[in-house]
Amino acid sequence: MKGSYLKLDIDKGIGTIVFFHPEQNSLPSGLLAQLAEMILKVGQMEEVKVVVLKSGGERTFCAGASFQELVAIDTLQQGQLFFSGFANVLNAMRKCPKFIIGSVQGKSVGGGVGIAAATDYCLASRYASVKLSEFNIGIGPFVVSPAIERKMGVSALSQMTLDASTFFDAEWAREKGLYAAVFESMEELDQAVQTLAERLCTYNPEAMRQMKKVFWSGTEGWDLLLAERAAISGRLVLSDFTKEALQKFK
């Protein structure tokens with residue numbers, strides 16, 4: 001993971017988590033594991049009242065899973081473990097007792113869309129288009145689809161899944177409920193995120209904790225559900241169809 005990083009900055013009750021990978025903020029398994037662990041850790045810090053999740057760089061929020069690791073999978077166990085990475089991050093975001101504000105400055109693909117959808121309130125720049133490209137390589141967005149369906153509905157999920165070669169623009173994503181607002185510049189996005197985070201820090205922490213439980217009610221079975229979805233993807237990635245498709249993209 002040379003050149004990648006995961007940072008946490010705590011200032012006046014705001015815990016800002018920033019992840020980065022030089023390959024368009026794709027997330028290899030090691031970085032995913034660290035991200036899940038950090039989200040759960042920050043959720044238990046008394047000095048943190050609200051969490052901001054963002055990535056480094058300018059035009060890509062998250063390109064999804066690491067392609068290099070994906071093409072190297074050759075056993076069912078490796079496949080399920082690989083796809084469990086995003087499942088663990090989504091479940092960490094769900095279980096974190098603090099509200100998570102997403103700051104999406106650029107494009108998201110696959111798992112990146114799932115992370116944006118799992119934030120409690122997401123703000124974006126006009127460059128923050130989204131794409132679920134999994135069908136192009138013979139798998140599907142099985143792990144992240146529960147988070148996307150919860151936030152955007154089945155219609156938007158199916159549209160992105162079936163039109164797997166298309167980036168849907170940020171305004172479309174806002175209309176479908178992924179983003180609460182879209183801003184013209186990075187400066188405006190950063191300011192809006194900061195203003196919202198500061199406002200949340202003035203609210204009753206226990207009220208916010210209880211409200212987060214309300215927002216996520218009905219997802220208590222996600223530990224098992226996302227593990228089952230990871231197993232589906234793990235099997236599909238070993239299929240002849242997917243292996244051939246991956247070679248074309250390699």
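Colleague: How much space lies in the largest pocket?
Modeller: Happy to help! This is a predicted model, with local features needing pLDDT of at least 70, side-chain atom pairs counting only at pLDDT 80 or more, and totals for chains, interfaces and linings using all residues. Residues are numbered from 1 along each chain as its sequence is written, and side-chain values use heavy atoms, without hydrogens or water. In the largest pocket (an open set of points on a 1 Å grid over protein atoms alone, where a 1.4 Å probe fits, with protein on both sides within 12 Å along at least five of seven lines), the space filled by probe spheres on the points is about 730 Å³.

Colleague: Which residues lie nearest its centre?
Modeller: The lining (residues with an atom within 4 Å of a point) has 31 residues. Nearest the centre of the largest pocket are Ala63, Gly64, Ala65, Val109 and Ser133.

Colleague: Which element gives the largest share of that lining?
Modeller: Helix H2 (67-71), H3 and strand S6 (107-109) each supply at least two lining residues; helices are DSSP runs of H or I with at least four residues, strands of E with at least two. The largest share, 3 residues, comes from H3.

Colleague: Which strands stand at the edges of the open sheet?
Modeller: Its 6 strands run in the order S1-S2-S3-S5-S7-S9, with mixed pairing (at least two DSSP bridges between two strands). Each edge strand has a single partner, so one side is left without a neighbour in the sheet. Those strands are S1 (5-11) and S9 (181-183).

Colleague: What is the bridge partner of leucine 123 in S9?
Modeller: S7 (residues 121-125) and S9 pair in the parallel sense over 3 bridges. In S9, the partner of leucine 123 is alanine 181.
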